[in-house]
Amino acid sequence: MSETCDTAPTRLADQLERAFRGGAWHGPAVMELLAGVDAARARWRPGPSAHSIADLAGHLAYWMEDARRQILGETRSSTEAGGDWEAAAPGSDAAWQALCQTLEAAHCGLRDAVRPLEETRLDEARPGSDTTLRGLLLGTLQHNAYHAGQIGLLRKLSEAALGKLP
């Protein structure tokens, strides 16, 4: 394993990784919760106005990509088609796997944008916002943990409705 510097950005990147892949203090990480989920379970809703696991996966991918763009000074993604809550329900396992790959790419892009940041950049104001890049990243961690909890609940509810996962 290569030697890494212990800086605030590397610690934040590590926390993003733990919350996404595993080893988080708060409980199961996003990908741990999505393991074994198929398209039918991903699009299942406990009620007509409730979000599905697929909705939450798309939402997380959208906001992690938006955070990456902000860090890199790129145009924000909020005006793109298929944004925030507009992910289509995956009609097949292949479509669900494609959404999971989009989520994975968004996470990796954000994590990789955070690692090389200079610590002084964390306290930079974000254009059009009263928060800093540090606030953006801490908020992203909180956002991901919140929705991981929702995914965990939806997974349990879907098991009661559709049967246990294999």
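Glu-159 counts as buried, at 18% relative accessibility, where buried means under 20% relative accessible area, exposed over 50% and partly exposed in between (1.4 Å probe, protein chains only). Even so, Glu-159 takes part in salt bridges, so let's start there and work outwards.

A quick note on ground rules. This is a predicted model, in which local features need pLDDT of at least 70 and side-chain atom pairs count only at pLDDT 80 or more, while totals for chains, interfaces and linings use all residues. Residues are numbered from 1 along each chain as its sequence is written, and side-chain values use heavy atoms, with hydrogens and water left out.

**Salt bridges**

Side chains of opposite charge can pair when their charged atoms come close. Here a salt bridge is a side-chain nitrogen of Lys or Arg within 4 Å of a carboxyl oxygen of Asp or Glu, and the structure holds 15 of them. Three are listed below.

| Acid | Base | N to O distance |
|---|---|---|
| Glu-104 | Arg-21 | 2.8 Å |
| Glu-159 | Arg-155 | 3.8 Å |
| Glu-159 | Lys-164 | 3.7 Å |

Glu-159 and Arg-155 sit four residues apart in helix 6, about one turn of the helix, and both are buried. Lys-164, the other partner of Glu-159 in the table, is exposed, with a relative accessible area of 68%.

The bridge from Glu-104 to Arg-21 links distant parts of the chain: Glu-104 is in helix 5 and Arg-21 in helix 1, 83 residues apart. Both ends count as partly exposed, Glu-104 at 24% relative accessibility and Arg-21 at 32%. The two also belong to a network of salt bridges that links Glu-17, Arg-21, Glu-104, Arg-111, Asp-112 and Arg-115. Of these, Glu-17 is among the buried residues of helix 1, and Arg-111 is among those of helix 5.

**The overall fold**

What does the protein look like as a string of elements? From the N terminus on, it runs α-α-α-α-α-α, with six helices and zero strands. Helices and strands are DSSP runs numbered from the N terminus (H or I of at least four residues for helices, E of at least two for strands). The radius of gyration is 17 Å, close to the 15 Å that the globule rule gives for 166 residues, so the protein is as compact as a globular protein of that length. That radius is taken over C-alpha atoms, and the rule is 2.2 Å times the number of residues to the power 0.38.

Along the principal axes, the C-alpha atoms fill a box of roughly 50 × 40 × 25 Å. Of the 166 residues, 42% count as buried. About 9,000 Å² is exposed, with carbon and sulfur atoms supplying 55% of it; accessible areas come from the Shrake-Rupley method with a 1.4 Å probe, and for residues only the protein chains shown count as cover. As for contacts (heavy atoms within 4.5 Å), residues 24 or more positions apart account for 72% of those with a separation of 6 or more.

**Helix 5 and its neighbours**

Helix 5 covers residues 93–114. Its 22 residues reach 32 Å from first C-alpha to last, close to the 32 Å expected at 1.5 Å a residue, the expected span being 1.5 Å times one less than the number of residues. Its buried residues include Trp-96, Leu-99, Cys-100, Leu-103 and His-107. Which helices do the buried residues of helix 5 pack against? They pack against helix 1 (8–21), helix 2 (30–34), helix 3 (39–43), helix 4 (53–72) and helix 6 (133–162).

One spot where distant stretches of sequence meet involves Gly-58 and Leu-99, which are 41 residues apart in sequence and 6.9 Å apart in space, C-alpha to C-alpha. Gly-58 lies in helix 4 and is buried, with a relative accessible area of 11%.

**Helix 1**

The 14 residues of helix 1 should span 20 Å, and its end C-alpha atoms are 20 Å apart, which agrees. Its buried residues, among them Ala-8, Pro-9, Leu-12, Leu-16 and Phe-20, pack against helix 2, helix 4, helix 5 and helix 6. Just after helix 1, Gly-22 takes a positive phi of about 150°.

**An aromatic pair**

A search of the whole structure finds one aromatic pair. Tyr-62 and Trp-63 form it edge-to-face, 4.9 Å centre to centre and 80° between the planes. Rings of Phe, Tyr and Trp (its six-membered ring) pair if their centres lie within 6.5 Å; planes under 30 degrees apart count as stacked, over 60 as edge-to-face and the rest as tilted. Tyr-62 is buried at 10% relative accessible area, whereas Trp-63 counts as partly exposed at 28%.
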